[in-house]
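The following account leads the reader through one protein model, from its central sheet to its helix pairs. Please keep the sequence and the coordinates in view while reading.

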Amino acid sequence: MYVAGGIVLTCYLVLGFLSRREPAEGDVSRILVPFYKMAVCFYKKICIRKSSLFSSGQVERDLSVLYPGERKEQLKADYYMKKISFSLAIIFVGTLLGILARYNVQSNLILDKDGRIIRGNYKEGCVKIRLEAKCGDRNNGSFPIEVAPLQLADDEAEILWEEFWNRLPEYILGENEAFDRISSDLILEESYGDYPFLLEWESHSPAVVGSTGKVYGTEYPVEAEMTVKMIYGETVREKMLHLRVVPEELTAEERFREDLEKLLMQSEYESRGEDVWTLPDEWQGEAVNWQQETEDYSVALWVLAIVTALSVYRMFDYDLHRQLEQRKKRMWRDYPDIVHKLALYIGAGITIRGAFQKTAAEYEGRGENFYSAHPAYEEMLYACREMHSGVSEASVYEHFGKRTGLQEYIRLSTLLIQNLKKGNRALLERLREEADRAGEERLQSCKRLGEEAGTKLLVPMVLMLAVVMVMIMVPAFSAM
């Protein structure tokens, strides 16, 4: 890897020297500027001469479509220089990462070429490695093994033990000040720092101090003993710790609170035979004002009411807009039927006005319960009433299209108005085409809504599957 990396980096140095005067035009990031200059140099000296190796006719055609009117050669050059700059940057970063990875692997090797493994000192601890054994043409796989550090001599271990014993208080005392003033838990572990010793703890006073370091509170000082056993290799050393567990020292604030609590409990006990318990109003020369703590949610409820009111106020507007959208959808669904009826009546020889009024009259005869679901017919009824009140027929159709607010009805009103003003022999044919197109659009819309409904049903189906799996798996695991 080092040889390949050296060759690649040398090529980058040469290319960087050759491209030092090349311009870095366009929107180029500062990080990519050196690589962009290299790409410009590489493109001019190699890509132009060997265009068949680095260019594609499809790319040139795509560039021409995307950027019509631009110079093809300039587009091609910018495109390839930008692409080459990104490629050079990736290769450079990959090469550096490869060299670093190789260095990291070699720095962690402890097996040399002569088949020797160099052990570390006790601070490095055990090292887990995997060895591969090859005997002739056979590959016997890998062997995981743990390489222990260099074993200390007895005199070295003794010196290290004395050093560890002298530093033991700073490791295990924790928040305590000394062994003769233990009030909080000790920190007892199997090993500490870089020392290679394995420790075992045994308490001779488990009611006061546990073998895990747990200290149990006492009302008066208590003596306790604990044995620490140090194991290193086959050597075992034991030491005795003499402890003195004392009551936990309270701060002035904590002591004041404790005394006040005792006063309160005593006052309550002494007043149990009285109908009224009068709380103590003085303590250590200071007046005491008692207040009962309550969970008062009144302000929160008031704020919640205001927020809810504002939300409801906003939701009314949203609901109104939603109703309007629903109304438009229902009108859009009725459009093919209305056009079909108009085409049918006009084809039968009825005038436009007669066909319009007859369609509205049929709807009116169905009853009031049918009105709210078909707002388009209601608009037709409103238009008929305008005609009866004296409004011109053209104005009625124009108002009808504007009130609906849909392009389909505006287009229909435009056809009817044009027929009134200029006369249109192809009106019947146009209405039939409009009816067929509207029916096709409604069919496609129904298919789309069906597909959306199927997609929405996936979530409850997955939830139901999860429930079924739980119902099956829980009894199965319970029976195991």
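Is strand 4 mostly covered or mostly uncovered, and how many of its 11 residues are buried? Strand 4 is mostly covered, with eight of its 11 residues buried; buried means under 20% relative accessible area, exposed over 50%, and partly exposed in between, with a 1.4 Å probe and protein chains only. The model is a predicted one, in which local features need pLDDT of at least 70 and side-chain atom pairs count only at pLDDT 80 or more, while totals for chains, interfaces and linings use all residues. Residues are numbered from 1 along each chain as its sequence is written, and side-chain values use heavy atoms, with hydrogens and water left out.

The protein has 14 helices and seven strands; these are DSSP runs numbered from the N terminus, helices being H or I with at least four residues and strands E with at least two. Of the 480 residues in the protein, 26% are buried. Among contacts with a separation of 6 or more, 52% join residues 24 or more positions apart, where contact means heavy atoms within 4.5 Å.

Strand 4 belongs to an open sheet of three strands in the order 3-4-5, with antiparallel pairing; two strands pair if DSSP finds at least two bridges between them. Strands of a sheet pair through backbone hydrogen bonds, either parallel or antiparallel. Strand 3 (198–203) and strand 5 are the edge strands, each of which pairs on one side only. On average, neighbouring strands of this sheet are turned by 20 degrees against each other, direction ignored. Helix 6 (residues 154–172) packs on the sheet and touches strand 3, strand 4 and strand 5, its direction making about 20 degrees with that of strand 5.

Strand 3 and strand 4 run antiparallel and are joined by six bridges. Leucine 199 stands opposite methionine 230 in strand 4, tryptophan 201 has valine 228 as its bridge partner, and glutamate 202 is partnered by threonine 227. In a regular strand the side chains alternate between the two faces of the sheet. In strand 3, Leu199, Trp201 and Ser203 form the covered face, and Leu198, Glu200 and Glu202 the uncovered one.

The loop between strand 3 and strand 4 contains alanine 207. Alanine 207 is exposed, with a relative accessible area of 68%. Its C-alpha lies 9.4 Å from that of alanine 224, and the two are 17 residues apart in sequence.

On the other side of the pairing order, strand 4 (residues 222–232) and strand 5 (residues 235–245) are antiparallel over 11 bridges. Here glutamate 225 is the bridge partner of histidine 242, and methionine 226 stands opposite leucine 241. The two strands form a hairpin with two residues between them, and glycine 233 in the turn has a positive phi of about 65 degrees.

Attention now turns to the helix pairs. Two packed helices are described by the angle between their axes and the distance between the axes. Axes here are lines fitted to C-alpha atoms, for helices over the stretch in contact, and angles run from 0 to 180 degrees between N-to-C directions.

Helix 10 (residues 375–388) and helix 11 (residues 393–404) cross at roughly 155 degrees, their axes coming within 9 Å. The two are therefore roughly antiparallel; angles under 35 degrees count as roughly parallel, over 145 as roughly antiparallel, 65 to 115 as roughly perpendicular and the rest as oblique. Residues in this contact include Ala376, Met380 and Ala383 of helix 10 and Val396, Phe400 and Arg403 of helix 11. By class, the contact has eight nonpolar, two polar and four charged residues; Ala, Val, Leu, Ile, Met, Phe, Trp, Tyr, Cys and Pro count as nonpolar, Asp, Glu, Lys and Arg as charged, and the others, Gly among them, as polar.

Helix 13 (residues 427–456) and helix 14 (residues 458–479) pack at about 25 degrees, with axes 4 Å apart. Helix 13 is therefore roughly parallel to helix 14. Their contact is made by Gly454, Thr455 and Lys456 of helix 13 with Leu458, Val459 and Pro460 of helix 14.
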